[in-house]
Structures are given as structure tokens and as C-alpha cells.
Amino acid sequence: MARLSFARSALALTILAAATMSQAATLRIAGANDILTFDPQGQNHQTTLAYQQMVYEGLVRYDEKFQIEPALATKWTFVSPTQLRFELRKGVKFHDGAPFTADDVVFSITRAMTPPSNLTSSVQSVKEAKKVDDFTVDLILKGPSPVVLREISEARIMNKTWAEKNNATKAQDFKANEESFAARNANGTGPFMLVAWQPDTKTTLKKNPNWWDKPKGNIDEVVFTPIKSAATRSAALISGQVDFVVDPPVQDLERLKRDANIKMIEGPENRTIFLGFDQFRDELPGVKGKNPLKDKRVRQALYQAVDMAAIEKTVMRGLGKATGTMIAPMVNGWTPQLGARASKYDVAAAKKLLADAGYPNGFELTLDCPNDRYVNDEAICQAITAMWTRAGVKTKLQTNPMSIHAAKIQKYETSAYMLGWGVATFDALYSLDSLISTVDPKGGAAGNFNCGRMSNPQVDSLIQQIKTEMDAKKRDGMIHEALQIVKDDYNYLPLHDQIRPWAMRKGVTTIHRADDRPMPTWTTKK
């Protein structure tokens with residue numbers, strides 16, 4: 001009788017296991033731009049970070065509502081305002097089987113803090129990481145920080161021994177076109193393991209059977225294919241070659257919505273699309289002996305020459321909301337006053353400003369833009385090129401894939417450029433420090449994406465105060481003041497806050513993310 005009972009139990013388990021296996025699914029994702037690197041501190045680029053976070057984890061992470069929850073740390077305590085203690089999760093293993101310990105945390109946090117890391121923003125509040133014991137780590141902060149937990153959600157943990165073995169103790173120097181073992185290979189603790197990354201072709205991830213957590217969906221394999229061509233990307237979804245397109249072409253949205261086999265979900269991103277200007281060099285290429293962009297009147301003229309209403313109507317078709325500031329409405333520090341456009345579209349006023357600045361006949365300018373990253377990025381830049389030329393600034397458009405564009409602007413090889421900035425912490429400090437702080441000559445977090453090298457000591461002072469001010473009302477006032485100064489000086493040209501649609505086959509169920517990162521662990525495919 002016991003044998004029969006055991007046999008029946010075994011049969012039931014076999015049937016259950018088979019049913020579970022049959023439910024497991026491959027999620028095939030397509031997007032216009034590719035991953036740039038798998039080094040978790042190599043490049044602050046959203047598509048890259050989206051796939052890295054499937055492989056690598058931080059001490060903390062976001063839940064579905066972007067609230068901080070435990071990840072590789074189970075608990076944290078402020079021992080003092082500048083000493084943050086983490087109790088680490090026990091029993092976690094890296095994909096190669098190595099145990100996760102405090103040594104890996106100290107190594108990874110230090111690596112993120114050390115140039116040429118491009119993720120210094122994830123640890124900008126941290127002065128030092130110290131091991132207390134094998135499963136306890138202290139972060140010593142530079143000062144009290146109201147956003148440190150949100151910052152370190154992007155600080156991914158690597159295996160110290162693996163990095164040392166493969167000569168990857170320092171982050172990849174992406175802008176110098178450095179190749180490294182950690183850029184092409186990965187060894188995290190996350191829900192998926194990197195099988196292969198073929199740049200511009202395909203990335204394959206497989207489920208980590210030993211992940212410490214449990215997925216909420218049934219995806220056991222992720223295949224990401226970059227498809228730059230808009231028509232090909234739509235065709236792949238319609239034909240069923242892919243299940244999910246993170247950036248369906250604007251011109252195809254209505255057609256996709258009418259397809260009974262496809263469903264669409266969309267929402268606002270925490271991303272602002274803007275134009276930046278070289279405000280550092282004394283001579284601009286094409287303008288002998290002068291840099292017109294250092295003159296506020298010229299920057300204001302370029303701003304007033306852009307017809308955002310026309311761009312929103314004919315180019316964006318509802319997928320952008322015009323803005324006057326450098327952060328989106330869901331980011332702490334945004335106000336309606338800041339969001340309002342600084343000055344109205346007026347070509348005649350733009351021409352007068354140029355004349356007053358000493359350029360009655362304009363000047364020559366090159367605008368650098370990506371052509372595979374943001375919603376209709378190249379089309380936006382084509383429209384702006386024509387608008388600036390109409391106002392008297394003879395503008396040439398230069399477009400490149402994001403992999404080339406990012407390296408170019410970070411090396412300051414540009415006069416004017418487009419960039420989009422998503423706010424990982426949902427707090428304005430993330431944008432202020434990276435985009436607006438004077439560039440740190442030592443390669444720290446300050447100004448690491450200030451590609452036009454603007455510099456304002458008053459704003460720098462405010463940013464330093466914002467970093468450590470714990471009184472929320474006082475801090476928000478400082479944020480407003482800093483962003484207002486940048487707005488009044490036209491240091492940047494904010495265009496719009498992006499709205500991102502996701503298109504997928506009807507059998508796919510997932511949660512839209514304001515950070516534009518698909519979450520296979522929250523996804524089910526029938």
C-alpha cells in the first residue's frame with residue numbers, strides 16, 4: 001500500500017513538473033537600439049541597464065510602485081546619519097556558483113565609485129564601503145542623504161573573485177572604446193543568466209534556476225533582438241517573430257492598435273528629451289575665434305526658433321508633452337512653474353536676439369543626434385535643423401546610433417546635441433548632479449553627462465546643499481531655485497517629456513514601467 005501511495009505521489013509530481021515546464025516560455029523582445037555593454041558600471045544607458053538588471057542585482061530594488069524593497073540586503077539601519085548598515089542575504093550564489101558575501105559588495109561599490117565608472121551617480125552619496133563581517137556591510141556617507149537608498153538601487157553587485165580572475169577590477173572605459181571581459185561576459189546573482197551577446201544581432205538570457213527569489217511570471221528565456229528599421233520592427237511583431245516591441249514606430253501605432261493579435265500599453269516616462277550646447281570652448285567649429293553658444297542671447301534665440309507645437313503634432317503625434325524644465329512631472333522637484341515653457345516660439349524674436357548678440361547673418365552649427373534611441377529622435381532633429389536654419393543659424397544634422405553618439409558627446413566632440421535623461425531615483429538631484437554640476441576633473445559623478453560643460457558656481461553650491469539637506473520643504477526650494485536658474489539662462493533646451501508605448505502579442509501580460517525597462521520576472525506569456 002505504501003509503495004502504491006508513493007508511486008501515485010511520484011506520478012502526480014511528474015505530471016505537475018511537466019505542466020510547469022510546458023508553461024515556461026521564451027519572451028522575444030525587439031527594440032531599435034542595442035545594449036552597449038554588460039559591464040554593470042560601464043555605461044549609464046537605459047537599454048543597457050534594463051538588461052543588466054536582469055542579470056545583476058543591487059542591495060535594494062524597486063517594487064511595482066517604485067518603492068524601495070530588499071534585494072541582496074534583507075535589512076538596513078542608519079547607525080548614524082552618515083553610517084548606513086546593511087545585513088546581507090545569506091545563501092545567495094553567483095551564476096558561476098560562487099557564494100555572495102560582503103567582500104563582493106565592498107568591491108562592487110568601490111568599483112562603481114572609481115573612474116572610469118560611468119555609474120558614479122549610483123554611489124554619489126557614498127564615501128566608503130566597509131566590511132563588518134561576511135554578511136554585514138557599512139556604507140559611510142559623505143553627509144546625510146535623503147536619496148541614498150534610491151541611488152544605490154542602480155549599484156549592481158559583481159563577484160570580486162571573478163572580476164580579479166578576468167582582469168576586470170576596474171569598470172570598462174566605454175567612451176575610450178575599451179573592450180574588456182566584463183563588457184562581453186556577466187556573472188551576477190539575478191533571475192537570468194547571460195548565454196550570449198552578439199552586438200547588433202541578438203542577446204540571449206536563460207532563467208537562473210538557483211535565484212533566491214521567485215518570479216511572478218513564467219518566462220524562462222529572454223531573447224532580445226535590436227531592429228533599427230521601423231518597418232521591420234513592426235513587421236516582426238505583426239508576423240509573430242517577436243512578442244514584444246519596446247519602441248513601436250509612431251507611424252505604425254494606429255495600425256498596430258487595430259490588429260486583434262496585438263495589444264498596446266503606454267504611460268509617461270521619467271525621461272525628458274532635451275538639447276545641450278557647448279558652453280566651454282572659446283571657438284566653435286565653423287565660427288572663427290568665437291563660440292556663440294556661450295552667449296545666453298544665442299541660446300535663447302535657438303530656443304525661441306523651435307516650434308514645439310508643430311513637433312508635438314506632426315512628429316510626436318501625442319507621444320511627448322512639451323516642457324520647460326529638465327525633469328518630468330513624476331520626479332521630485334517638478335512644479336508647474338518650472339514645467340511651463342520659458343519663452344514662446346517666435347522666429348522674429350530669435351533673429352533679433354542673434355543680431356543683438358553680434359550674429360545678424362547667423363553662423364554655422366552641427367547638431368548631433370541619435371537615430372535609434374528615443375521616440376522619433378532623428379525626425380525631431382530634422383525638424384529642429386530646419387527651424388534653426390530658418391532663423392538664420394545654418395544647421396547641419398549629424399546622426400549616429402546611440403553606441404557612437406554616446407561616446408562622441410561624452411568626449412565633448414560636439415557643438416549641439418540631443419540627449420534624453422531618465423531619472424532612476426525619481427528625484428531631481430539625479431539630473432542636477434549628472435547634467436548640470438560643473439564637470440568633476442577627477443571623473444566623479446558631478447557633471448558626468450554635462451556634455452556641453454556648462455558651469456555655474458551658484459548652481460553648484462545649491463546642488464551640494466541639496467545632497468545633504470534632510471528638511472524636505474527646504475530641499476525642494478533649493479531644487480526649484482537651481483532648476484529655475486538653468487531655465488532662465490537657457491543652458492539647456494528642454495523639448496518634451498516622453499510618453500512610451502509598448503506593443504506586444506495579445507498573449508503577453510506585463511506591467512508598464514516609467515523607467516522603460518521590461519521586467520520578464522513580472523511577465524507571463526501564453
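## Helix H14 and its surroundings

The buried residues of helix H14 pack against three strands, namely E14, E15 (394-400) and E16 (416-422), in what is a predicted model. Helix H14 itself spans residues 402-410, and its buried members are Met-402, His-405, Ala-406, Ala-407, Ile-409 and Gln-410. Just after the helix, Tyr-412 adopts a positive phi of about 65°.

## The nonpolar cores

In soluble globular proteins, nonpolar side chains tend to be buried together. Here the largest nonpolar core comprises 79 residues, and those with the most contacts inside it are Ile-311, Trp-388, Leu-419 and Ile-436. Helix H13 (residues 377-391) supplies the largest share of this core, seven residues. Apart from this core lies another, of 29 residues, which includes Ile-35, Ala-50, Leu-194 and Trp-197.

Leu-419 can serve as an example of the packing in the 79-residue core. Once its neighbours within four places in sequence are left aside, Leu-419 is in contact with Thr-272, Ile-273, Phe-274, Tyr-374, Met-402, Ile-409, Leu-435 and Phe-449. Two of these partners, Met-402 and Ile-409, are among the buried residues of helix H14.

## The disulfide and a cysteine outside it

A search of the whole structure finds one disulfide, formed by Cys-369 and Cys-381 with their sulfur atoms 1.9 Å apart. The torsion about their S-S bond is about -85°, so the disulfide is left-handed. Because Cys-369 lies in strand E14 (residues 364-370) and Cys-381 in helix H13, the pair ties together parts that are twelve residues apart in sequence. Cys-369 is buried, with a relative accessible area of 0%, and Cys-381 is likewise buried, at 0%.

Cys-451, by contrast, is in no disulfide, and the nearest cysteine sulfur, which belongs to Cys-369, is 13 Å away. With a relative accessibility of 4%, Cys-451 also counts as buried.

## A buried aspartate in helix H13

Asp-377 lies in helix H13, the helix that also holds Cys-381 of the disulfide. Although Asp-377 is buried, it has no salt bridge, and the nearest side chain of opposite charge, that of Arg-373, is 7.4 Å away; a salt bridge would require a side-chain nitrogen of Lys or Arg within 4 Å of a carboxyl oxygen.

A polar atom of the Asp-377 side chain does lie 2.9 Å from the backbone nitrogen of Tyr-374, and Tyr-374 is itself one of the contacts of Leu-419. Not counting residues up to four places away in sequence, Asp-377 touches Pro-370, Asn-371, Asp-372 and Met-418.

Definitions and conventions: Residues are numbered from 1 along each chain as its sequence is written. This is a predicted model: local features need pLDDT of at least 70, side-chain atom pairs count only at pLDDT 80 or more; totals for chains, interfaces and linings use all residues. Side-chain values use heavy atoms; hydrogens and water are left out. A nonpolar core is a set of buried Ala, Val, Leu, Ile, Met, Phe, Trp, Tyr and Cys residues joined through side-chain atoms within 4.5 Å. Buried means under 20% relative accessible area, exposed over 50%, partly exposed in between (1.4 Å probe, protein chains only). Helices (H or I, at least four residues) and strands (E, at least two) are DSSP runs, numbered from the N terminus. Contact means heavy atoms within 4.5 Å. A disulfide is a pair of cysteine sulfur atoms within 2.5 Å. Lys and Arg count as positive and Asp and Glu as negative; His and the chain ends are not counted. A polar contact is a pair of N or O atoms within 3.5 Å; within protein, one must be able to donate a hydrogen and the other to accept it, and residues adjacent in sequence count only if both atoms are side-chain atoms.
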